[in-house]
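Subject: Structure for you to look at

Hi,

I'm passing along the structure we talked about. Please open it alongside these notes.

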Amino acid sequence: MHVFIAGGSGQTGSLAIENLIEQGHTVTALVRNPSIVSSKAGLDLIQGTPVNRADIEKCFARRLPNAVIVTLTPAKGVFEDGSSFIAHVTQNIVQVMQQFGTSKIVYLCAFGVGKSYSNLNFLLRGAVCATPLGTKFAGHEEAEKLIKKATGIRSVIVKPAMLKNGEPKQVEYLGEAGEKASFMPSITRASVAKFMVEALTSEEWDGKSPVIANVQ
């Protein structure tokens, strides 16, 4: 399988690339600064930004991906149409997928976005309301809606609990809305990256928005 990834220079994205390469897949990664990403066999680094649709089209034209992974972190700023950075980028990616006929996307979201918000503990709900986290979550929710309403697109919206560093560990499914979550669930980025790659290469989670954490 050949995979296009946006966000490959980030912590979770780089781990996803490692997982994909280890499993024998090939990857095209669109990054602002290719020099900060370790080169490896099977990885094609393209300089650019998903803010520009033409940069995504260049990647797809160079080698058509079978599927897409998005591990971008929402950034500040609003575009002329009122959309957030992450929503604008997601719209670009989805439109290019439709243009080229790539149908599968796995998107890194967060526990607390959309209907999972009500199952956050009261401390985190307060943080969403009172800090920039709320703006990031709003952007993710906007992006999730764009993906789900796109025709011809199969999606998995992965909503991990609080991220931390560490080795991959056993993952548990906390429900579509995180209704099975403990007070303060967490998960390693390595676990998230592994789950995303598994979701990409199977149909088990297609059409779902799984909230996930490591087994406590």
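Below is what I found, starting with the cores.

This is a predicted model: local features need pLDDT of at least 70, side-chain atom pairs count only at pLDDT 80 or more, and totals for chains, interfaces and linings use all residues. Numbering starts from 1 along each chain as its sequence is written, and side-chain values use heavy atoms, with hydrogens and water left out.

The largest nonpolar core (buried Ala, Val, Leu, Ile, Met, Phe, Trp, Tyr and Cys residues joined through side-chain atoms within 4.5 Å) has 36 residues. Buried here means under 20% relative accessible area and exposed over 50%, with partly exposed in between (1.4 Å probe, protein chains only). Helix α3 (85-100) gives this core its largest share, seven residues. A second, separate core of 27 residues includes Val3, Val27, Val158 and Ile187.

Helices (H or I, at least four residues) and strands (E, at least two) are DSSP runs, numbered from the N terminus. Strand β10 (residues 211-214) is covered on both faces, with Val211 and Ala213 buried on one side and Ile212 and Asn214 on the other. Strands pair if DSSP finds at least two bridges between them: β6 (residues 154-160) runs parallel to β10 with two bridges, while β8 (residues 171-173) runs antiparallel to β10 with three. Ile212 stands opposite Pro160 and is also the bridge partner of Tyr173.

There are zero disulfides (cysteine sulfur pairs within 2.5 Å) in the structure. For Cys129, the nearest cysteine sulfur is that of Cys109, 17 Å away. Cys129 is exposed at 62% relative accessibility, whereas Cys59 is buried at 1%.

Best wishes
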